[in-house]
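Could you walk me through this model in the viewer, stop by stop? I would like to know what to select next and what is there.

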Amino acid sequence: AGAAFSTVLINWARLRRARRQYALPIAVQGAFLACFASGGVFSSEPGRVFSLACLCFIMGMQNATITKISGARIRVVTEMPDAACFVHADRSQFETALVNMAVNARDAMDGEGALTLRLACGVAKPAIRGHAEAPGPFAAVSLADTGCGIPPEAAGRIFEPFYTTKQVGEGTGLGLSTAYGIIKQTGGYIFCDSEVGKGTCFSLYFPAHVGAGAQDAVGQTFNH
């Protein structure tokens, strides 16, 4: 699902503007349904085992895709740690979540602004909105945009399936809900901080992998 979704988005710039309103909802909905069918979204399947994924490599590879779909007037900045950062996750689903959120940021900026992606490893999860602080270690991924921001009355519903503040034909309401489901599947957390007129920052926390298996995961990642 993630590969097909990314392929559609890479060709975004080639589509006529009139056709874009149809292509994106189809791509997002297709990715959602594929993940749902495989048990990857909103599933509570016990004992599901994920492979080790290197977030540095995945985010580095997705940087080109995100830059293309964002357009020439949006500056994409990626800040990465020096050391590799591993989590237990489905690589394809993580890519889908990352691109979904980048598309949402692009739309919030109306095609012009800055999108900053940051990755930090070995950090603690702060106490946020009723969730207790956790020592971790966690891998923290954030996406910050300089867009219009999210109104307070809509902030509590942004992760609901099919909820959208966009006009008809401009969104499905599945992008953020799909990302939410994928992140929760890995035992992760997602938080949103937004200010109307200034922008939005989504912060994702994944339990980081520390110990044996990292070197094998590096080889598997680069062989895919």
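Helices here are DSSP runs of H or I with at least four residues, strands are runs of E with at least two, and both are numbered from the N terminus. With that in hand, please keep in mind that this is a predicted model.

**The whole chain**

Start with a cartoon view. You will find 7 helices and 7 strands, and if you trace them from the N terminus the order is α-α-β-α-β-β-α-β-β-α-α-β-β-α. Now colour by accessibility: of the 224 residues, 45% are buried. The accessible surface adds up to about 11300 Å², with 55% of that area belonging to carbon and sulfur atoms. If you draw contacts between residues at least 6 apart in sequence, 74% of them turn out to join residues at least 24 apart.

**Helix α3 and helix α4**

Select Thr65 next. This residue sits in helix α3, which covers residues 55-70. Is Thr65 buried or exposed? Its relative accessibility is 7%, so Thr65 is buried, the limit being under 20%. Add Val99 and draw a distance between the two C-alpha atoms: they are 8.0 Å apart, although 34 residues separate them along the chain.

Then move to Glu95, a residue of helix α4 (residues 91-108). Glu95 has a relative accessible area of 10% and is therefore buried. Which residues does Glu95 touch, once neighbours within four places in sequence are set aside? Show Ile58 and Gln62, the two residues in contact with Glu95.

**The cysteines**

Now select every cysteine and show the sulfur atoms. The whole structure holds 1 disulfide, and it joins Cys85 to Cys121 with an S to S distance of 2.4 Å. This pair links distant parts of the chain, 36 residues apart: Cys85 is in the loop between β2 (74-79) and β3 (86-88), while Cys121 is in strand β4 (residues 113-125). Which hand does the disulfide have? The torsion about the S-S bond is about 80°, so the disulfide is right-handed. The two partners are covered to differing extents: Cys85 is buried at 0% relative accessibility, and Cys121 is partly exposed at 33%.

Keep the cysteines on display and go to Cys56. Why is there no bond from Cys56 to Cys54? The sulfur of Cys54 is the closest cysteine sulfur, but at 4.8 Å it is too far for a bond. Cys56 is buried, with a relative accessibility of 15%. Cys192 is in no disulfide either, and its nearest cysteine sulfur, in Cys201, is 8.2 Å away. Cys192 also counts as buried, at 15% relative accessibility.

**Aromatic rings**

Hide the cysteines and show the aromatic side chains. There are 7 aromatic pairs in the whole structure. Zoom in on Phe94 and Phe206, whose ring centres are 5.6 Å apart and whose planes meet at 70°, so this pair is edge-to-face. Phe94 belongs to helix α4 and Phe206 to strand β7 (residues 199-207), so the pair ties together parts that are 112 residues apart in sequence. Both Phe94 and Phe206 are buried.

Next, bring up Phe138 and Tyr189. Their ring centres are 6.2 Å apart with the planes at 70°, so this pair is edge-to-face. Phe138 comes from strand β5 (residues 134-145) and Tyr189 from strand β6 (residues 189-195), so parts that are 51 residues apart in sequence are tied together. Phe138 is buried, with a relative accessible area of 7%, whereas Tyr189 is partly exposed at 24%. Add Phe191 and Tyr205 to the selection, and you have a cluster of Phe138, Tyr189, Phe191 and Tyr205 linked by ring pairs. Before leaving, show Lys125: its charged end sits over the ring of Tyr189, 4.7 Å from the ring centre.

**Last stop: Asp145**

Finish in strand β5 by selecting Asp145. With a relative accessible area of 9%, Asp145 is buried. Look for a polar atom of the Asp145 side chain that lies 2.8 Å from the backbone nitrogen of Gly147. To see what surrounds Asp145 beyond its neighbours within four places in sequence, display its contacts: Ala105, Ala108, Met109, Ala114, Leu115, Lys198, Gly199 and Thr200.

Methods. Residues are numbered from 1 along each chain as its sequence is written. Side-chain values use heavy atoms; hydrogens and water are left out. Buried means under 20% relative accessible area, exposed over 50%, partly exposed in between (1.4 Å probe, protein chains only). Contact means heavy atoms within 4.5 Å. Accessible areas come from the Shrake-Rupley method with a 1.4 Å probe; for residues, only the protein chains shown count as cover. A disulfide is a pair of cysteine sulfur atoms within 2.5 Å. Rings of Phe, Tyr and Trp (its six-membered ring) pair if their centres lie within 6.5 Å; planes under 30 degrees apart count as stacked, over 60 as edge-to-face and the rest as tilted. A charge sits over a ring if NZ of Lys or CZ of Arg is within 6 Å of the ring centre and within 35 degrees of the ring normal. A polar contact is a pair of N or O atoms within 3.5 Å; within protein, one must be able to donate a hydrogen and the other to accept it, and residues adjacent in sequence count only if both atoms are side-chain atoms.
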